[in-house]
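User: I am new to this structure. Please take a close look at one strand and its surroundings, and walk me through what you find there.

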Amino acid sequence: MDFCNLKSQYSLVKEDIDRRVLAVFEHGRYIFGPEITELEKKCAEFCGVKHALAVSSGTDALLMGLMAYDVKPGDYVITTPFTFIATAEMIALLGAIPLFVDIEETTYNIDPAKLGEMLKNPPVDKSKIRGVITVDLYGQMPDYEAIEKVIKESGLDLFLMEDAAQSFGAMQRGKRACAFGDIGATSFFPSKPLGCYGDGGMVFTNCDKLAEKMGWIRNHGQNERYCHKIVGINGRLDSVQAAVLLGKFDLFVNKEIDGRDKVASMYTEKLSKIKGVKTPAVTDFNRSVWAQYSIMVEDRDALAAHLNSKGIPTAVHYPIPLHMQEVFSGLGVKKGALPVSEKVAAHIMSLPMCAYKTQEDINTVAEAIAEYYK
Ligand SMILES: *Cc1c(COP(=O)(O)O)cnc(C)c1O
């Protein structure tokens with residue numbers, strides 16, 4: 001069994017992708033070709049956000065967002081310790097310091113109440129706290145109403161950036177992922193809900209100023225050709241990757257978002273009956289896009305070995321919370337300081353997931369798990 005069936009997906013849209021990719025080879029505008037503008041327009045419309053800029057990866061999307069806010073050495077940016085490294089890594093790359101707020105045990109997302117507590121009693125000079133990066137973990141968004149409320153109540157002037165790398169296509173209270181906060185950053189890494197055939201990402205904002213600035217940053221800070229207004233990077237998406245995404249877009253929107261949700265329901269229906277397995281919870285105001293289907297279990301490593309021996313791949317997103325990573329040991333956040341993240345990291349396990357898993361696949365996985373706990 002594959003973890004995700006990217007080849008089945010390709011067979012469904014092969015003709016369209018091949019045609020669009022070959023068109024790029026023919027027209028020769030490999031950088032900033034017409035596919036980029038078309039994709040940006042489609043994504044902006046789909047997410048209901050004014051500006052969408054295609055960029056080189058989800059990591060660069062986060063970096064360019066932080067650069068647009070002028071995050072600088074000595075600043076603090078609040079985020080969750082239970083995420084992929086890139087979220088906090090880009091804060092640190094700019095010389096700023098991540099401040100970690102623990103997660104909720106139900107959704108594994110940053111806990112708005114704990115965020116509120118930190119903002120009330122900041123552990124550092126509060127004038128140096130610049131903003132918050134939330135992460136829509138596993139395809140489900142944290143409660144943005146609650147998050148915006150505690151930020152507002154703090155009276156601090158903070159930015160809110162949404163790391164939507166795992167949530168493109170998800171919904172909360174009628175609004176799409178990437179539309180929360182002042183900047184939304186997503187990834188089109190192949191295994192994300194919508195993936196290209198290489199690296200790619202997108203930044204979103206309703207703010208004209210931030211959009212203009214991120215546009216400069218994406219292209220070496222140029223505001224006119226060979227006039228460099230600010231420091232930027234090479235953060236562009238290439239036309240071939242945009243062509244791939246355009247070839248997949250309608251299938252994703254019309255079929256795969258629902259398909260992923262159906263597969264998740266099949267899993268939950270089977271697995272919730274097994275004692276020893278905690279299935280993922282989606283709050284009533286969210287619709288997850290299921291970047292991962294992750295369960296909490298006792299004896300994770302032994303269960304994984306059992307499943308792997310039966311040809312069922314598993315993964316752990318993520319085994320070490322960021323405050324316990326060597327790279328962040330200098331922050332001085334001790335083991336035990338963020339207990340929920342630490343507990344979840346020790347017990348979480350992701351199962352094969354994509355829109356093309358069949359009831360048969362789900363039964364196979366569920367039976368193997370049931371057998372282990374028997
Ligand atoms: C994948 C991911 C990223 C990075 O995206 P890339 O396109 O791989 O650079 C950032 N944040 C989170 C939460 C992710 O899952």
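Analyst: Start with a definition. A residue counts as buried when its relative accessible area is under 20%. Keep in mind that the model is a predicted one.

Now take strand 8, residues 183-187. Strand 8 is mostly covered: five of its five residues are buried. Look at which way the residues point. I183, A185 and S187 point one way from the strand. G184 and T186 point the other way. Both sets are buried.

Next come the neighbours. Strand 5, residues 159-163, pairs with strand 8 in the parallel sense. Three bridges hold that pairing. One bridge partnership is M161 with I183. Strand 9, residues 201-205, also pairs with strand 8, but here the two run antiparallel. Four bridges join them. Among the partners, G184 of strand 8 is matched with F204 of strand 9.

Follow strand 8 to S187 and you meet the ligand. An N or O atom in the side chain of S187 is 2.6 Å from an oxygen atom of the ligand. There are 17 residues around the ligand. S187 is among those that come nearest, along with G58, T59, Q166 and K192. T59 makes a similar approach: a side-chain N or O atom of T59 is 2.5 Å from a ligand oxygen atom. Strand 5 spans residues 159-163, and D163 reaches the ligand too. A polar side-chain atom of D163 lies 2.8 Å from a nitrogen atom of the ligand.

Two other places are worth a visit. One is T83, in the loop between strand 2 (76-79) and helix 4 (86-93). T83 is buried, because its relative accessible area is 2%. Its side chain makes a polar contact with the side chain of T87, at 2.9 Å. Leaving out residues up to four places away in sequence, T83 touches V135, L137, Y318 and L322.

The other is helix 8, residues 239-271. A straight helix of 33 residues would span 48 Å, yet helix 8 spans only 42 Å between its end C-alpha atoms. Helix 8 also has a kink of about 55 degrees, centred on F252. At its N-terminal end, D238 acts as a cap. A side-chain oxygen of D238 lies 3.1 Å from the backbone nitrogen of V240.

Back to strand 8 to close. Its five residues are buried, and S187 has a side-chain N or O atom 2.6 Å from a ligand oxygen.

Note on methods: Residues numbered from 1 in each chain as written. Predicted model: local features only at pLDDT ≥ 70, side-chain atom pairs only at ≥ 80, totals over all residues. Heavy atoms only, no water. Expected span 1.5 Å × (residues − 1). Bend = angle between axes of the 7 residues up to and from the residue. Polar contact = N/O pair within 3.5 Å; in protein donor to acceptor, adjacent residues only side chain to side chain. Buried < 20%, exposed > 50% of the residue type's maximum accessible area, 1.4 Å probe, protein only. Contact = heavy atoms within 4.5 Å. Near = heavy atom within 4 Å. Pairing = 2+ DSSP bridges.
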